[in-house]
Amino acid sequence: MAFKKILSVTGADHSDQDVAIAARLCAEVGAYLSVLIISPPPLLMSPPLIGSPPPLGGGIPEWSRHRAHHIAAQEQFSQEMANLEKTCREIHKVLRATWRCYDVDTEHCDKAGVGDAVRQRALCTDLTIVGPALLNETSLGPLVINGSLFDTGKPVLVVPEGAEATLSPRRVLVGWDSRVEASRSIREALHLLAGAEEVRVAVVDPEATCTGNGAEPGADIAAYLTRHGARVWVDRLASRGKPVAKVLAQHAIDTSADVIVMGAYGSRWLRERLSGSVIRWIVGTPLPLFLAR
């Protein structure tokens with residue numbers, strides 16, 4: 001399925017780098033771009049309402065501190081809204097000059113609401129793009145990936161710093177392990193795979209079995225892709241004790257791949273790790289990652 005509507009999420013304090021990447025990709029395939037600008041405030045203690053009585057035993061000095069806290073929170077909110085409006089104006093300016101099929105929305109929410117805000121938009125798009133600026137912000141990037149990937153069933157294209165992203169890749173590396181998430185990633189990327197000059201299905205440390213990988217690991221999914229018009233080669237790789245992710249990333253470099261297509265394993269354990277080693281691996285990967293689950 002071709003991508004007709006793409007979501008780009010950015011932060012209110014980010015540059016227009018991520019949106020510019022998304023606009024270029026939309027222009028490449030003729031897709032509509034929907035931009036969401038998020039301004040999640042830090043988690044602060046809620047100040048008391050003006051006019052409410054002082055806390056019991058707190059006295060006037062304690063109440064003064066609460067009032068000061070309330071005023072500071074109001075000033076911070078005003079500043080964050082001003083940043084949202086400023087970023088919105090700048091992004092409109094960039095998009096008017098590059099890609100006119102777009103809309104821009106803003107969301108001011110606490111960190112607990114980021115995933116839901118992203119999920120609502122991602123449900124009605126074909127693909128979410130996470131660019132380097134958002135990816136490098138550890139307080140926001142994992143929340144956006146969780147909301148767009150784990151809670152929607154829709155794919156995400158992650159573009160690390162320095163990676164050249166395209167939605168018309170010539171060479172694609174597919175990470176295959178006979179799991180449903182890997183199958184879903186391939187299904188979501190079929191349009192990319194069918195149009196590529198070369199698709200390499202990489203199977204790491206495969207074991208031939210009657211179920212799972214089958215008698216010839218990778219042959220079943222290669223046959224499926226061939227029926228969809230893809231030009232497929234199967235590479236069976238030995239990890240030699242290295243993490244599978246690193247083996248795939250290195251093989252993608254060795255085969256001059258433009259993008260890695262792989263499944264994101266949506267367990268609760270991985271959700272918790274998205275702010276840790278998984279994100280660090282994504283940031284360190286020199287190629288775009290097409291993820292689905």
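Helices (H or I, at least four residues) and strands (E, at least two) are DSSP runs, numbered from the N terminus. This is a predicted model, in which local features need pLDDT of at least 70, side-chain atom pairs count only at pLDDT 80 or more, and totals for chains, interfaces and linings use all residues. Residues are numbered from 1 along each chain as its sequence is written, and side-chain values use heavy atoms, with hydrogens and water left out.

**Helix α1**

Start with helix α1, residues 17-29. The helix has 13 residues. From first C-alpha to last, α1 reaches 19 Å, close to the 18 Å expected at 1.5 Å a residue. The expected span is 1.5 Å times one less than the number of residues.

Which residues of α1 are buried? They are Asp18, Val19, Ile21, Ala22, Ala23, Leu25 and Cys26. Buried means under 20% relative accessible area, exposed means over 50%, and partly exposed is in between (1.4 Å probe, protein chains only). An α-helix has 3.6 residues a turn, so residues three or four places apart point the same way. Gly30 follows α1, and its phi is positive, near 70°.

**The nonpolar cores**

A nonpolar core is a set of buried Ala, Val, Leu, Ile, Met, Phe, Trp, Tyr and Cys residues joined through side-chain atoms within 4.5 Å. The largest core here has 46 residues. Ile6, Leu33, Leu95, Leu157 and Phe290 touch the most other members. Helix α1 gives this core its largest share, 6 residues. Another core lies apart from it, with 32 residues. Among them are Leu140, Val204, Ala257 and Ala264. In soluble globular proteins, nonpolar side chains tend to be buried together.

**An aromatic pair**

Rings of Phe, Tyr and Trp (its six-membered ring) pair if their centres lie within 6.5 Å; planes under 30 degrees apart count as stacked, over 60 as edge-to-face and the rest as tilted. By this rule the count is 1 aromatic pair. Phe3 and Phe290 form it, and the pair is tilted. Their centres are 6.2 Å apart, with 35° between the planes. The pair links distant parts of the chain, 287 residues apart. Phe3 sits in the segment before β1 (5-11), while Phe290 belongs to strand β10 (residues 289-292). Both Phe3 and Phe290 are buried.

**Two crossing helices**

Now take helix α3 (residues 111-122) and helix α5 (residues 141-150). How do two packed helices get described? The angle between their axes and the distance between the axes do the job. The axes of α3 and α5 come within 7 Å and cross at roughly 40°. That makes α3 oblique to α5. Axes are lines fitted to C-alpha atoms, for helices over the stretch in contact, and angles run from 0 to 180 degrees between N-to-C directions. Angles under 35 degrees count as roughly parallel, over 145 as roughly antiparallel, 65 to 115 as roughly perpendicular and the rest as oblique.

The crossing of α3 and α5 is right-handed. A crossing is left-handed if the near helix is turned anticlockwise from the far one by less than a right angle, and right-handed if clockwise.

Helix α5 is largely enclosed by the rest of the structure, because 9 of its 10 residues are buried. Gly141, Pro142 and Val144 are among them. So are Leu149 and Phe150.

**Residues in the loops**

The table places some loop residues.

| Residue | Loop | Relative accessibility |
|---|---|---|
| Thr255 | between α9 (244-254) and β9 (259-263) | 15%, buried |
| Ser178 | between β6 (171-175) and α6 (180-188) | 27%, partly exposed |
| Asp205 | between β7 (198-204) and α8 (219-227) | 41%, partly exposed |
| Asp151 | between α5 and β5 (156-158) | 33%, partly exposed |
| Cys101 | between α2 (59-98) and β3 (102-107) | 38%, partly exposed |

Most residues other than glycine have a negative phi, and most peptide bonds are trans. Ser178 has a positive phi, near 65°. Asp205 also is not a glycine, and its phi is positive, about 50°.

Sequence separation and spatial distance can be set side by side. Thr255 and Arg171 are 84 residues apart in sequence and 8.1 Å apart in space, C-alpha to C-alpha. Asp151 and Gly115 are 36 residues apart along the chain, with 8.3 Å between their C-alpha atoms. For Cys101 and Ala23, the separation is 78 residues in sequence and 9.2 Å in space, C-alpha to C-alpha.
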